[in-house]
Amino acid sequence: MDSGGAYGCGKAGAPFDPIVFIKRPQIIIRALCLLFAIIVFGCISNKGYLIDSEGKEKCLYNNDANACNYGVGIGILAFLGSIGFLVGEYLFEQMSSVKTRKHYVLMDLGFSGLWAFLYFVGFCYLTNAWNKSNPPPNGDGVNSVQGAIAFSFFSIFTWVGCAWFAFQRYKQGSNAAFAPTYEADPIGDTGYASYPDATDITYQDPPFAQQQRGISDFQAPAY
């Protein structure tokens, strides 16, 4: 089935333009999601843990290992998801099936909305744990821990933006599915003309009508 530009994208088989592709808002905001995910799990993985005097590794978020694991987990999954959707955006214009495009858009909408929510939970969780934490010795790792919190907050808006673009695509696809397949007459309903070049609308008797009347009026002679 030919998509013909369904779900807000060009017709399948169109030539790929990398410059236009990079400038698309969906690609820009998805790249930001990817960058922020790297920062979140990178900061926590690198400086989010502290080795105590007993040689044990403790999370700087109030010694709560679950807080560190949560931040790293959603960051890594967001990183993988962003790469997958960037590849999907490249393949989206090559999808010739309208159903395939619809499934991709719905998956994008669901995943983006879910990750916006998870980052919101993560931001609240990490902020609360950090507020209850004791300052680490010499302030080691403070910038990384606070950076993870900040970019968790920024990630909420980037993933909400991805969900919004996916929703707009879904609306465009739904509107196209119920759009009429014909074009309305711009002139309007003017009725039917008897003949395009006709200027005289009076009707004339058909030929031989007078002769037929003459024959019917004939009377035989009387002898």
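**Notes on the largest pocket, D64 and T158**

1. The lining of the largest pocket is a mix: six nonpolar residues, four polar and three charged. Keep in mind as you read on that this is a predicted model.

2. In all, 13 residues line that pocket, and L50, C59, L60, N63 and N134 are the ones nearest its centre. As for the room inside, the largest pocket holds about 210 Å³ of space.

3. Now to D64, which you'll find in the loop that runs between β2 (57–59) and α3 (65–92). Its side chain comes within reach of the N66 backbone nitrogen, at 3.1 Å. Setting aside neighbours within four places in sequence, the contacts of D64 are C59 and Y125; C59 is also one of the residues listed nearest the centre of the largest pocket.

4. Along the chain, D64 and S133 are 69 residues apart, yet 9.4 Å separates their C-alpha atoms.

5. Is D64 buried or partly exposed? Its relative accessibility comes to 21%. Buried means under 20%, so D64 counts as partly exposed.

6. T158 sits in helix α5, which spans residues 142–177. With a relative accessible area of 7%, T158 falls under the 20% cut-off and is therefore buried.

7. Which residues does T158 touch, leaving aside its neighbours within four places in sequence? They are I29, L32, C33 and F36. So if you're looking at T158 on helix α5, those four are the contacts to bring up alongside this buried residue.

Key: Residues numbered from 1 in each chain as written. Predicted model: local features only at pLDDT ≥ 70, side-chain atom pairs only at ≥ 80, totals over all residues. Heavy atoms only, no water. 1 Å grid on protein atoms, 1.4 Å probe; cavity = no way out; pocket = protein on both sides within 12 Å on 5 of 7 lines; lining within 4 Å. Points joined across faces, edges and corners; volume = space filled by probe spheres on them. Nonpolar A, V, L, I, M, F, W, Y, C, P; charged D, E, K, R; others polar. Helix = DSSP H or I, 4+ residues; strand = E, 2+ residues; numbered from the N terminus. Buried < 20%, exposed > 50% of the residue type's maximum accessible area, 1.4 Å probe, protein only. Contact = heavy atoms within 4.5 Å. Polar contact = N/O pair within 3.5 Å; in protein donor to acceptor, adjacent residues only side chain to side chain.
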